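Please open the model in your viewer and keep the sequence panel beside it. The tour below moves from one selection to the next, and each stop says what is to be found there.

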Amino acid sequence: MMLLATRAMHVATDRQVWTYEPDGWPLGVLTGYARDDGVVLEHMIVFPGAPPSTLVSMLAEGAETAWAHGYAFVIFGLPHAMPRRDQLVSLARSVGADVYAQDEQAAHFVLRRPT
């Protein structure tokens, strides 16, 4: 039996996976888990070949889905060392997310349900 070596492991119970299928074909997924009355967004994955606008649409529709399920906020982190980080920060701001905390490793954003 072969075991995979990892440098760090994160385990969340009751993880949720949203598959983005605007025309019946999956273009990406969002993963996260509930925390308090909100959602921690862990991964935004766009599949190869998806249109360039997919990430923006997926994040916006993911937020709408969170609001429909009664969540008050979505939080996520963008590591400072992440490739294309500046573009992802612009994307986060374009959907209304604000920085609520920063540390040496990442900027942490919150997107609040509109009132």
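Helices (H or I, at least four residues) and strands (E, at least two) are DSSP runs here, numbered from the N terminus. The model is a predicted one, in which local features need pLDDT of at least 70 and side-chain atom pairs count only at pLDDT 80 or more, while totals for chains, interfaces and linings use all residues. Residues are numbered from 1 along each chain as its sequence is written, and side-chain values use heavy atoms, with hydrogens and water left out.

**The whole chain**

Begin with a cartoon of the protein chain, which has two helices and six strands, arranged from the N terminus on as β-β-β-α-β-α-β-β. If you colour by accessibility, 35% of the 115 residues count as buried, where buried means under 20% relative accessible area, exposed over 50%, and partly exposed in between (1.4 Å probe, protein chains only).

**The sheet**

Next select the strands, which form an open sheet of six in the order β1-β2-β3-β4-β6-β5, with mixed pairing; two strands pair if DSSP finds at least two bridges between them. At the edges stand β1 and β5 (98-102), each with a single partner strand, so one side of each is left without a neighbour in the sheet. Looking along the sheet, you will find neighbouring strands turned against each other by 30° on average, with direction ignored.

Zoom in on β2 (28-35), a mostly covered strand in which six of eight residues are buried. Six bridges join β2 to β1 in the antiparallel sense, and eight bridges pair β2 with β3, again antiparallel. Show G32 as sticks: the bridge partner of Q16 in β2 is G32, and G32 also stands opposite L41 in β3. Further along, A34 stands opposite V39 in β3, and in the hairpin of β2 and β3, with two residues between the strands, D36 takes a positive phi near 55°.

**Helix α1**

Now select residues 54-68, the 15 residues of helix α1, which at 1.5 Å a residue should span 21 Å (the expected span being 1.5 Å times one less than the number of residues); the end C-alpha atoms are 21 Å apart, which agrees. Just after α1, G70 takes a positive phi of about 90°.

Which residues of α1 are buried? They are T54, L55, M58, L59, G62, A63, A66 and W67, and what covers them includes β1, β2, β3, β4, α2 and β6. An α-helix has 3.6 residues a turn, so residues three or four places apart point the same way.

For a single example take T54, which lies in helix α1 and is buried, with a relative accessible area of 3%. T54 touches Y20, L27 and V46, not counting residues up to four places away in sequence, where contact means heavy atoms within 4.5 Å.

**The cores**

Select V74, F76 and F109, which touch the most other members of the largest nonpolar core, a group of 25 residues. Such a core is a set of buried Ala, Val, Leu, Ile, Met, Phe, Trp, Tyr and Cys residues joined through side-chain atoms within 4.5 Å. At least two residues of this core come from each of β1, β3, α1, β4, α2 and β6, and the largest share, six residues, comes from α1. Centring the view on F76, you can pick out L41, A92, A97, A107, H108 and F109 as residues that F76 touches, not counting those up to four places away in sequence. A second, separate core of five residues includes V40, F73, I75 and V110.

**The loop before α2**

Finish at R84, which is found in the loop between β4 (73-79) and α2 (85-94). Is R84 buried or exposed? At 63% relative accessibility, R84 counts as exposed. Display the side chains of R84 and Q87, which are joined by a polar contact of 2.9 Å; a polar contact is a pair of N or O atoms within 3.5 Å, and within protein one must be able to donate a hydrogen and the other to accept it, while residues adjacent in sequence count only if both atoms are side-chain atoms.

Terms used: Axes fitted to C-alpha atoms, helices over the stretch in contact; angles between N-to-C directions.
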